[in-house]
Amino acid sequence: MILVGEELLRNGLSHADFETTDSNRCMLAIADGMGGHNCGEVASYDALTNMSFYFKDLPSNLDEKDFVDAMTNWLKSICLAVDAKGKENPMYKGMGTTFVALTYYSGRYYWLNCGDSRLYRLRDGELRQLTTDHSLSNALGLMTHSSQIVNCIGGGTTEAYIDIENITDDVKKGDVYMLCSDGLTDMITDSEVKELLSRSLEADTLCEAADNAGGYDNVSVIVLKIE
């Protein structure tokens, strides 16, 4: 599931332009559900719905420390909420979701990550993964990605951590940022992602490539170009 501004999308396409000024704020985010088809959908929906309202209601002009504290507090609250839902209804027990986001807030760009969904940047023909996978394979230093993650929202635990990075000074005109679930990167290589992004900025092109490669998982992609 994806969040583009205040728009939530499970299936389908969305295009949006955003003008950055000090008074504007915008969040692009992906939540990739876990714990069974229905449960994963519920966890990802709850996380992004909650974040949409939380981010919209943030006071203006928080400095970096207060913004990081606010996002950390959000993570704590949504983890407790997802866990409580599982305790209320056994159907949702153990459900969880990853979360990755790119935000513009009070004149600053931040990325946030909890889990193994990813944020990439394409600059001058070079594709670079900015986030770190919170996965078992990454913790063990393995080159092959596995679906076993060591950090997420929910997933049978009430504790999680979130990586938050202020990248304001490193955002340049012409940069292309891509957020995606592992349903994309498990099916096509970084080289293929770079080639496709270099030819087209359509997120749907990447989703189709993953499907054509035999995609067995949900694929969520957001592409943003800085102009």
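**Loops and helix faces in a predicted model**

Ser 106 sits in the loop that joins strand 6 (99-105) to strand 7 (108-114). The model described here is predicted. Ser 106 has a relative accessible area of 16% and is therefore buried, the cut-off being under 20%. Its phi is positive, near 50°, and the residue is not a glycine. Most residues other than glycine have a negative phi.

A second loop meets this region. Asp 22 belongs to the loop between strand 2 (7-9) and strand 3 (25-30). Beyond residues up to four places away in sequence, Asp 22 touches Tyr 104, Ser 106 and Gly 107. The chain separation between Asp 22 and Gly 107 is 85 residues, yet their C-alpha atoms are 4.6 Å apart. Asp 22 is exposed, with a relative accessible area of 60%. Ser 106, in contrast, is buried.

Another positive phi occurs at Asp 124. The value is about 50°, again in a residue that is not a glycine. Asp 124 lies in the loop between strand 8 and strand 9. Its relative accessibility is 79%, so Asp 124 counts as exposed. Gly 214, which follows helix 6, also has a positive phi, near 100°.

The protein contains six helices and 13 strands. Helix 5 spans residues 190-199, and its buried residues are Val 193, Leu 196 and Leu 197. These cover an arc of only 100° around the axis, which puts them on the same side of helix 5. Ser 191, Ser 198 and Arg 199 are exposed on the other side. The cover over the buried residues of helix 5 includes both strands and helices. Among the strands are strand 8 (118-123), strand 9 (126-129), strand 12 (176-180) and strand 13 (221-225). The helices include helix 4 (182-185) and helix 6 (203-212).

Helix 6 has its own buried set: Ala 203, Leu 206, Cys 207, Ala 209 and Ala 210. Viewed down the axis of helix 6, these residues fall within an arc of 160°, so they line one face of the helix. Their cover includes strand 12, helix 4, helix 5 and strand 13. Helix 5 thus helps to cover the buried residues of helix 6, and helix 6 helps to cover those of helix 5.

Helix 4 appears in both lists of cover. Thr 185 lies in this helix. Its relative accessibility is 15%, and Thr 185 counts as buried. Leaving aside neighbours within four places in sequence, Thr 185 is in contact with Arg 118, Tyr 120 and Cys 180.

The overall dimensions were also computed. A compact globule of 227 residues would have a radius of gyration near 17 Å, and the protein agrees, with 17 Å. Along the principal axes, the C-alpha atoms fill a box of roughly 50 × 45 × 35 Å. Buried residues make up 47% of the 227. Among contacts between residues at least 6 apart in sequence, 69% join residues at least 24 apart.

The exposed area of the protein is about 11400 Å². Carbon and sulfur atoms supply 45% of that area. There are 18 positive and 36 negative side chains. The centres of the two charge sets lie 3 Å apart.

Methods
Residues numbered from 1 in each chain as written. Predicted model: local features only at pLDDT ≥ 70, side-chain atom pairs only at ≥ 80, totals over all residues. Heavy atoms only, no water. Buried < 20%, exposed > 50% of the residue type's maximum accessible area, 1.4 Å probe, protein only. Helix = DSSP H or I, 4+ residues; strand = E, 2+ residues; numbered from the N terminus. Arc of directions from axis to C-beta. Contact = heavy atoms within 4.5 Å. Rg over C-alpha atoms; globule rule 2.2 N^0.38 Å. Areas by Shrake-Rupley, 256 points an atom, 1.4 Å probe, with all protein chains shown as cover. Lys, Arg positive; Asp, Glu negative; His and termini not counted. Charge placed at Lys NZ, Arg CZ, Asp CG, Glu CD.
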